[in-house]
Amino acid sequence: MSQYKVSVIFPIYNGEKYISNLINSMKKQTINFENLEIIFIDNKSTDNSLNLLKSLDNKYSNVKLVVLDKHYPTPGKSRNMGIITSTADYIMMCDEDDLFTEDYVERMFNAISSNKLDLVSSRYTVVTDKKSLNNSFLDNENSDILINSIREYPEIIQTLANLTVWNKIYNKKFIIDNDIKFIEDHWNEDYLFSLECYIKAQGIMLFTHYSGYLYKIHPNSQTQKNISKEELDDDLFDTLSQTKEFLLKNNFEVYPYISELLVTYIKFFLRSNYNKNDFNYIYNKFKPWLKGYSIKTRLINLSLLFNIIINITIKIFSINKIFVSIASKLYKMIT
């Protein structure tokens with residue numbers, strides 16, 4: 001039996017300016033620092049991160065440092081190594097530039113352990129120049145959600161806000177027994193991991209109004225930058241295909257669960273600077289997905305009016321390439 005209540009996994013790559021904030025955040029946890037197993041996974045940093053992590057590893061008995069054999073382009077390998085290295089019954093994850101509030105681990109641990117659940121998720125706070133709770137249909141819920149299976153409330157996995165990995169606590173035995181792993185060479189590894197966890201979990205809780213995770217958005221974040229043809233083609237389209245295959249295998253309809261993801265990819269497409277050949281290539285890759293998108297699709301995190309506008313736009317996209325080109329230019333002008 002582990003001496004720790006929760007293992008907290010931190011993938012690190014060139015995160016020297018964040019490391020002191022991370023360890024201080026853990027030391028302030030109301031569950032008490034000594035009850036936490038802190039696991040840093042260094043993804044071959046080229047700054048001073050490794051030296052700082054070695055110092056923490058030497059200073060604190062509950063800090064573990066794992067150094068990867070080479071640099072991996074996404075956090076999937078780091079998170080898998082963190083899970084393998086962990087010894088506590090429960091696992092949480094945090095990105096290097098984000099933070100937990102002081103009561104976060106304790107609230108999440110009490111919820112999952114007292115209810116004997118596989119997965120507990122919370123809201124998160126978006127931090128830019130101000131703080132705000134992430135946009136979610138969960139605002140309309142009067143109480144927290146406690147279910148045995150995601151089929152009791154499938155809308156939860158129809159929105160990307162609930163398919164992140166860092167605002168959750170997991171039963172490690174559940175993850176190991178179901179052989180749930182992060183894809184190690186693609187972006188969106190967190191989306192696929194979360195989707196599999198939700199669908200396979202027997203015992204799920206969502207805090208509908210509580211947030212203990214501070215998610216910091218930076219100008220160079222993945223959601224803000226241009227997406228290259230190779231990234232969109234190799235990673236994002238592959239995610240759509242894998243998601244479709246997984247949903248069908250588990251007897252779920254496809255489009256209710258990929259629609260928000262597809263809309264997000266279209267945003268990447270519109271804001272990226274493609275030459276004519278790349279534009280045509282990516283558009284033709286999108287076209288089958290767009291044709292399958294129903295005009296009646298309900299994106300539950302959006303207002304009805306905005307939802308209708310998006311649905312009409314997508315259907316026009318599916319039949320008119322010229323319209324996509326015009327929309328792309330307009331989109332880049334206003335974003």
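# A tour from a buried cysteine to the packed helices

Begin by selecting Cys94, which is buried, with a relative accessible area of 1%. Bear in mind throughout that this is a predicted model. The cysteine sulfur closest to that of Cys94 belongs to Cys197 and lies 18 Å away, too far for a bond. If you now select Cys197 itself, you will find a residue that is also buried, with a relative accessible area of 0%, and whose closest cysteine sulfur is in turn that of Cys94. A disulfide is a covalent bond between the sulfur atoms of two cysteines. The cut-off applied here is 2.5 Å between the sulfur atoms, and the structure holds 0 disulfides.

**Strand E4 and its partners**

Next, select strand E4, residues 90-93. In a regular strand the side chains alternate between the two faces of the sheet. In E4, Tyr90 and Met92 point one way while Ile91 and Met93 point the other way, and all of them are buried. Add strand E1, residues 6-12, and you will see that E1 and E4 run parallel, joined by 4 bridges; to locate this pairing, look for Val6, which stands opposite Tyr90. Then add strand E9, residues 168-171, which pairs with E4 in the antiparallel sense over 3 bridges, with Ile169 of E9 as the bridge partner of Met92.

**Strand E6**

E9 leads on to strand E6, residues 119-127, since the two are paired in the antiparallel sense over 3 bridges, and here Tyr170 of E9 is the bridge partner of Leu119. How many residues of E6 are buried? The count is 9 of the 9, so the strand is largely enclosed by the rest of the structure. Two further strands pair with E6 and deserve to be displayed beside it. With strand E10, residues 204-216, the pairing is parallel and extends over 8 bridges, and Val126 stands opposite Tyr215 there. With strand E7, residues 131-133, the pairing is antiparallel over 3 bridges, and Thr125 stands opposite Leu133. E6 and E7 form a hairpin, with 3 residues between them.

**Helix H3**

Turn now to helix H3, residues 76-85, of which 7 of the 10 residues are buried, so that this helix is largely enclosed by the rest of the structure. The buried residues to highlight are Gly76, Lys77, Ser78, Arg79, Asn80, Gly82 and Ile83. To see what they pack against, show strands E1, E2 (36-42) and E4 together with helices H5 (172-177) and H6.

**Glu189, on the way to H6**

Select Glu189, which lies in helix H6. Is Glu189 buried or exposed? At 4% relative accessibility, Glu189 counts as buried. Beyond its neighbours within four places in sequence, Glu189 is in contact with Thr74, Pro75, Gly76, Arg79, Phe182 and Ile183; of these, Gly76 and Arg79 are among the buried residues of H3 listed above. It is also worth drawing a distance from the C-alpha atom of Glu189 to that of Thr164, for these atoms are separated by 9.5 Å, although the two residues are 25 residues apart along the chain.

**Helices H6, H7 and H8**

Extend the selection to the whole of H6, residues 189-200, and add helix H7, residues 229-249. The two helices pack at an angle of about 10°, with their axes 11 Å apart, and are therefore roughly parallel to each other. By class, their contact has 6 nonpolar, 3 polar and 2 charged residues. On the H6 side, select Tyr191, Leu192, Leu195, Glu196, Ile199 and Lys200, which meet Thr239, Gln242, Thr243, Phe246 and Leu247 in H7.

For the last stop, keep H7 in view and add helix H8, residues 255-271, which packs with H7 at an angle of about 170°, their axes being 11 Å apart. That makes H7 roughly antiparallel to H8. The residues of this contact divide into 11 nonpolar, 2 polar and no charged. From H7 the contributors are Leu232, Leu236, Thr239, Leu240, Thr243 and Leu247, and they meet Tyr257, Ile258, Leu261, Leu262, Tyr265, Phe268 and Phe269 in H8. Thr239, Thr243 and Leu247 are worth labelling in H7, as they appear in the contact with H6 and also in the contact with H8.

Methods
Residues numbered from 1 in each chain as written. Predicted model: local features only at pLDDT ≥ 70, side-chain atom pairs only at ≥ 80, totals over all residues. Heavy atoms only, no water. Axes fitted to C-alpha atoms, helices over the stretch in contact; angles between N-to-C directions. Parallel < 35°, antiparallel > 145°, perpendicular 65-115°, else oblique. Contact = heavy atoms within 4.5 Å. Nonpolar A, V, L, I, M, F, W, Y, C, P; charged D, E, K, R; others polar. Buried < 20%, exposed > 50% of the residue type's maximum accessible area, 1.4 Å probe, protein only. Pairing = 2+ DSSP bridges.
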